[in-house]
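Trainee: Could we go through this model step by step, with a reason for each answer?

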Amino acid sequence: MEVVRTNGSGPVYKQELKRALTFWDLMIYGLIFMVPIAPFGIYGEVATGAKGMVALAYIIGMIGMIFTALSYARMSEAIPYSGSVYSYASHGINETAGFFGGWLILLDYIFVPALLYLVSAAALADIVPQVPIIIWLLIFIGINTVINVIGIEFTAKTNKIILIAELIVLLIFIVAGIIAIAQHANGAEFTFKPLYDKNNFSMATVMGAVSIAVLSFLGFDAVSTLAEESKGGKKAIGNAIIGALLLVGVMFIIQTWIAALIWPDYTTFENVDTAFYQIAEIAGGPWLKWTTIIATVVAWGIADALVAQAAISRIIFSMARDRKLPHVLSKVHHKFKTPHIATFVVAAISFFVTMFFSAQIGQLVSVINFGALSAFLILHISVINYYMRKQKSTNYFSHLVLPAIGFLVIGFVWFNLDPMAKQLGFVWLGIGVLYFIYLKKFKKDIKISE
């Protein structure tokens, strides 16, 4: 592909991907990626970590992500390319920062589909033990790969159907939960303790839980990877990111607050991994328990993994066309206008990662959080550098104060990550440094800015 550089601000690309997505398509994409019922799967860990103040953990997580969403909005207006943090850091700072921003966000996106497939396959294997986990993995990966290769429009239509189903299940739980609370099931009564419990509150405790809860929010940024497939104008991407984040955040807070009221003693869960399903059974009986389990499997294994695969394939596509990855990964299908080679590669990687981490889901989650939060830190720096230094902006509030606050908030959450997450994350970063040196020394056709 021909690449033209203008005013030293970075490459300008020929439009190859099909522009087919409306603002609402983008909004739904973001909601699907974050999964409106995401707390179903990790409720027990967040509630235990927050000592019952699970709603507070999600509120803090949402506030922290809002600042990051605003930075995505600012950069998506100025840099309307696929590639997320990779593109924004490349244009906002330089190609070196872009490479490492892309490398770190790869750690998030490339492992997310594997995590989703693994959790869903394990759940189904528990329900239907006669079917090996590897069969479920192949089914999930196969379905999502075919849908993503066929085209982003087909992916968007599938997203709408699954999102409606998720929202119906969530509404059923909320209604059943409110009725259960009114009837004082399991000793339930209305209280503000899920938001603030003075006997257990400490910032360190809550922030430790936030570092887990933030996993539910990861994915709002994936909307930015569809910049070259949006037909809604420069502001569509940013508006969809912010809208999806706020809407799903409210859903998270409501469902976790209700759950905490129904099961007030977070120390008595039979199994923290299935805590929410125990609560659902109290609220509506066995049928609601199994409904929430199946909804989680479909939401994570099909819907969320579907958009995750689409997002990472676009980032790989963007890095490959700049020759930061093998150029063959930038090929676009002649009929469907999708990055099909990158999509197949993501499918293969997902399969092998699930095999490697099959008994280490906790470590996989930690690695994902390290990649995402580290990339977000680079994003905030990109906003400041691009607008304040390169564009000489005088809008100090939007282009300096807000991203600076976002940097500090994300930095604080990053600091509270599990030590194992940091160890594995720095190993990945070290591999990136070696690959960066290889590109700089041996790939003379690639310009790496100093």
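Mentor: Yes, bearing in mind that this is a predicted model. We start with I60, which is located in helix α3 (residues 54-78).

Trainee: Is I60 buried, partly exposed or exposed?

Mentor: Buried requires under 20% relative accessible area, and exposed requires over 50%. I60 has 21% relative accessibility, so the class is partly exposed.

Trainee: What separation do the C-alpha atoms of I60 and V210 have?

Mentor: Along the chain, I60 and V210 are 150 residues apart. In space, their C-alpha atoms are separated by 7.0 Å.

Trainee: How many salt bridges are found in the whole structure?

Mentor: The criterion is a side-chain nitrogen of Lys or Arg within 4 Å of a carboxyl oxygen of Asp or Glu. D25 and K160 meet it at 3.2 Å, R74 and E77 at 2.9 Å, and E95 and K324 at 3.1 Å. The search of the whole structure gives a total of 3.

Trainee: Which helices does the bridge between D25 and K160 link?

Mentor: The side chains of D25 and K160 meet with an N to O distance of 3.2 Å. The two residues are 135 apart along the chain, so this pair links distant parts of it: helix α1 (residues 23-34) and helix α7 (residues 152-182).

Trainee: Which class does each partner take, buried or partly exposed?

Mentor: The cut-off for buried is under 20% relative accessible area. D25, at 11%, is therefore buried. K160 has 36%, so K160 is partly exposed.

Trainee: Why are R74 and E77 about one helical turn apart?

Mentor: R74 and E77 are both buried, and their closest N and O atoms lie 2.9 Å apart. They are about one turn apart because both belong to helix α3, with a spacing of 3 residues.

Trainee: Where do E95 and K324 lie?

Mentor: Both E95 and K324 are buried, and their side chains form a salt bridge at 3.1 Å, N to O. The pair ties together parts 229 residues apart in sequence, because E95 is in helix α5 (residues 95-127) and K324 is in the loop between α11 (286-321) and α12 (340-356).

Trainee: Which helix gives the largest share of the nonpolar patch?

Mentor: The surface patch consists of I134, I135, L138, I139, I143 and M355, with about 460 Å² of accessible area together. Of these, L138 is partly exposed at 47% relative accessibility. The largest share, 5 residues, comes from helix α6 (residues 133-150).

Trainee: Which class is most frequent in the lining of the second largest pocket, nonpolar, polar or charged?

Mentor: That pocket holds about 250 Å³ of space and has 18 lining residues, with T191, K193, P194, A260 and P264 nearest its centre. The lining has 4 charged, 4 polar and 10 nonpolar residues. The class asked for is nonpolar.

Terms used:
Residues are numbered from 1 along each chain as its sequence is written. This is a predicted model: local features need pLDDT of at least 70, side-chain atom pairs count only at pLDDT 80 or more; totals for chains, interfaces and linings use all residues. Side-chain values use heavy atoms; hydrogens and water are left out. Patches are made of residues with over 30% relative accessible area and no salt bridge: like charges are joined within 9 Å, nonpolar side chains (Val, Leu, Ile, Met, Phe, Trp, Tyr) within 5 Å. Accessible areas come from the Shrake-Rupley method with a 1.4 Å probe; for residues, only the protein chains shown count as cover. Helices (H or I, at least four residues) and strands (E, at least two) are DSSP runs, numbered from the N terminus. Buried means under 20% relative accessible area, exposed over 50%, partly exposed in between (1.4 Å probe, protein chains only). On a 1 Å grid over the protein atoms alone, a cavity is a set of points where a 1.4 Å probe fits but cannot get out, and a pocket is an open set with protein on both sides within 12 Å along at least five of seven lines; lining residues have an atom within 4 Å of a point. Grid points are joined across faces, edges and corners, and a volume is the space filled by probe spheres set on the points. Ala, Val, Leu, Ile, Met, Phe, Trp, Tyr, Cys and Pro count as nonpolar, Asp, Glu, Lys and Arg as charged, and the others, Gly among them, as polar.
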